[in-house]
Amino acid sequence: MGMFWCGFNGFNQLNIESNVDLDFHAYGNEGNHGEILQVAFSWSTASILTNSGKIVMSGLINQKIINFEILDDLGYGPFKSISSSESNILAIDSIGNCWSYSKCNLKWNDITSILQREEQVSVSENQSQPSINHICCSDTIHLAATYNEIYSIPTKIFNSKFKVTQVACGFEHIVILMETGCLYTQGSSSRGQLGHGELNEEDYPRLLISLDGIRVINTSAGGWHTAAITEYNDLYMWGWNHSGQLGISNCPENGGIIMAPEPVLINWQEETDIEQVSLGARHSMVLTKNNILWGCGWNAHKQLGIETYQLTCDRMINLSNLSPLLKCNLRKIVKVVCGAWNSALLLGK
Amino acid sequence: MKIIVDNVLQHLESSLSAEFDYRNVHEALDFLFRKSLNDSHTENTKVALSSVEAVLEKVWESFHTGSWADVPDGMRKLYSHASLLKTKLLLKTANDERMLKKTIKAIDMGLLMGNAFRNELTIAASLLCKALQQTFVEVPVKLCDNSKSNNNSYAFHRIGDHVPILHQPSLETFLRDYLKSKKPIKITGNMEHWPAINKWKDLNYLIKLAGARLVPVEIGSSYADADWSQKLITLEEFINIHVVQEGEKSTYLAQHQLFNQIPELKDDIRVPEYCYLADVDGEEPDINAWLGPKGTVSPTHYDPKNNFLAQVVGSKYIILYDPKWSEYLYPYDDKFLKNTAQVDPVKPDFCQFPNFSHVKAMHCILNEGEMLFIPSGWWHRVESLSVSFSVSFWWM
């Protein structure tokens, strides 16, 4: 699998030779480290999970700039999933244990054993540890999910009889997608990011009523905004629109809005089926069924992969058309990953 | 212009060479700020600038995460420090008018969001504004002609009494009859010595003095409304687009400590001597500026401090309620709005708020050169009847 990526390069996380932020360009280290399974961004680092379960890192680690080095996993790997924040990397190993690697003291910690399960009260000797399916972290929130439970590490915050299919988090909020297609949100709604129509904080995951009855198939959380794709391949966005990250006008003088406290259906001029969505701190990217990439929001660091005259873009623009690299690309975009001030596209053969 | 810019650069250098350590605030931010500072000593200005801008943006993100009160002091200090460095780097790259304006914006961001190097930043902004004045082109007079718009078409809410008026009352009279008994009073003849009374009528004066300065404005008719928002724009843009012409949405420079940000303007006003009757000795009042077009509204609310509202340009219509009516004004439940009434006295909904019919109001029109004493806890609704510039003094 190849990769195009772009955005903030202040810590040389994308490229050691240049200090400037980059528009879409091809990642060139595949030969050295193997196929890319996943990529995760924090503000100062980029982390890549290879198909051999190794983590390759670049950017700032412990006050030093490193350049695509394989992280010593002390034998805790191989890993099957990673997520990254300013302070640490979360990783799931092959048997479902969760590990945290601290970027400050360069130590690995077993997270699974510190998760506070209610059943621990019962005195069963051979209690099995929970098997972690999903992890997600931002600079302020760290999440781990089993088949049907969610932990804001280490505290259990959610328990359902249904399967959890996705967890996501922004700087202040948590988004949970269930196999049933229901969406739950928790945390601060300072900028409407919870979508309940109010700006109140929610201490526990609350069902998003306005999308209830419509099956959600994919979700993502940006810094202060949230996106959901429904089974009809419609895109809904809500939360902060400060940089145009919702893809709708943010100029109050022209009837635009600075924040949307409830999901807003994003319209395209032509019939468009949305398949994937991924949000960064203040930007957004979506992929259509026809494999066309769209994006909006803050672009001061070229996080949309192209150079724009304005530093923000408050409507969805066709990046497949605008990026010279994407325009002549023949490979299928398999996955879109936005994080912090960066974006990446994983490509098929 | 060149001389002033060099002067500012020199002035910044000593603060920038001071020791610092932001590692305990944020390791990566400390790293990038150091890198930017090192690059600034070389010819690598462009790289240094992009690094310091990334630092400022990342700190900005932390300012907007969680509550403002919980932002660590170190984070705000870093923001001020990085703003100083950005100022230097911008001034090094070019010094045409456009760049000076951009630099002043960077300084004001540091002043408005940071907490350190206030003196350095304030002086730098003042000097750069002076440099801009050298090239200032006088545009057709933007005097406020408020004569027509006064007092007509407004349907006054006629319930209640007029606020009593006194001409230059003595301190003793004010203390005995109004401050101690917590009664509102309109005072006339007490602002004649304010230079602002003549100067601020000419909005060009404000633009020339501080047009490039960044100020926070409120968009929307009332802060209790859902579509209300705030943004930062230059004073020039605000006056030209929102004050002189009336935009579609009411825009208001409200409750801003403009005189701390721009000390030149403070020379035009005088603190009313009545404020020094304060219980707390030697404490300066909080001084706020309120500038906007006709039709701005501060919804009915109360403040925890005594207030002198001094009208410099234009006029305002003010409705007041004794604190004893609080319950009948139906304050919001919300913790941020609990000092704000749900009833709109101008078009009250008696079905929703039946007890409001018992409430007795006081009201007055505040004209140029008049001051209104609003005792702490008194509810007040303020609406501008014309282009208006008022100054409020909060004191205990």
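**View 1. What lines the second largest cavity of this predicted model?** Sorted by class, the lining of the second largest cavity splits into four nonpolar, five polar and one charged residue. Here is the full cast: B:Glu218, B:Gly220, B:Ser221, B:Ser222, B:Tyr223, B:Trp228, B:Ser250, B:Tyr252, B:Thr296 and B:Val297. The space they surround comes to about 50 Å³. Keep in mind that we're looking at a predicted model here.

**View 2. Here's the largest cavity, with about 120 Å³ of space**. Thirteen residues line the largest cavity, and those closest to its centre are B:Trp290, B:Ser298, B:Leu309, B:His380 and B:Val382. Four strands of chain B each chip in at least two lining residues: strand 8 (297-301), strand 9 (306-313), strand 13 (379-384) and strand 14 (388-395). By class, this lining has six nonpolar, five polar and two charged residues. If you're keeping score, the count of cavities of 30 Å³ or more comes to three.

**View 3. Now for a pocket: the second largest one, at about 1,000 Å³**. A total of 48 residues line the second largest pocket, and the closest to its centre are A:Ser83, A:Cys136, A:Val167, A:Val337 and A:Cys338. Plenty of strands of chain A give two or more residues to the lining, among them strand 3 (36-41), strand 7 (79-84), strand 11 (134-137) and strand 27 (333-339). Chain B joins in too, with helix 3 (45-63). The lining's make-up is 23 nonpolar, 21 polar and four charged residues.

**View 4. Is A:Ile209 buried or exposed?** You'll find A:Ile209 in the loop between strand 18 (202-207) and strand 19 of chain A. Its relative accessibility is 56%, so A:Ile209 counts as exposed. Look for A:Tyr184 as well: A:Ile209 and A:Tyr184 sit 25 residues apart in sequence, and their C-alpha atoms are 9.0 Å apart in space.

**View 5. Stepping back to chain B, we find twelve helices and 14 strands**. Along the principal axes, the C-alpha atoms of chain B fill a box of roughly 70 × 45 × 45 Å. The radius of gyration of chain B is 23 Å, which agrees with the value near 21 Å that a compact globule of 396 residues would have. Of those 396 residues, 55% count as buried. Chain B exposes about 17,700 Å², and carbon and sulfur atoms supply 52% of that area. Take the contacts in chain B between residues at least 6 apart in sequence: 79% of them join residues at least 24 apart.

Key. Residues numbered from 1 in each chain as written. Chains lettered and ligands numbered in written order. Predicted model: local features only at pLDDT ≥ 70, side-chain atom pairs only at ≥ 80, totals over all residues. Heavy atoms only, no water. 1 Å grid on protein atoms, 1.4 Å probe; cavity = no way out; pocket = protein on both sides within 12 Å on 5 of 7 lines; lining within 4 Å. Points joined across faces, edges and corners; volume = space filled by probe spheres on them. Nonpolar A, V, L, I, M, F, W, Y, C, P; charged D, E, K, R; others polar. Rg over C-alpha atoms; globule rule 2.2 N^0.38 Å. Buried < 20%, exposed > 50% of the residue type's maximum accessible area, 1.4 Å probe, protein only. Contact = heavy atoms within 4.5 Å. Areas by Shrake-Rupley, 256 points an atom, 1.4 Å probe, with all protein chains shown as cover.
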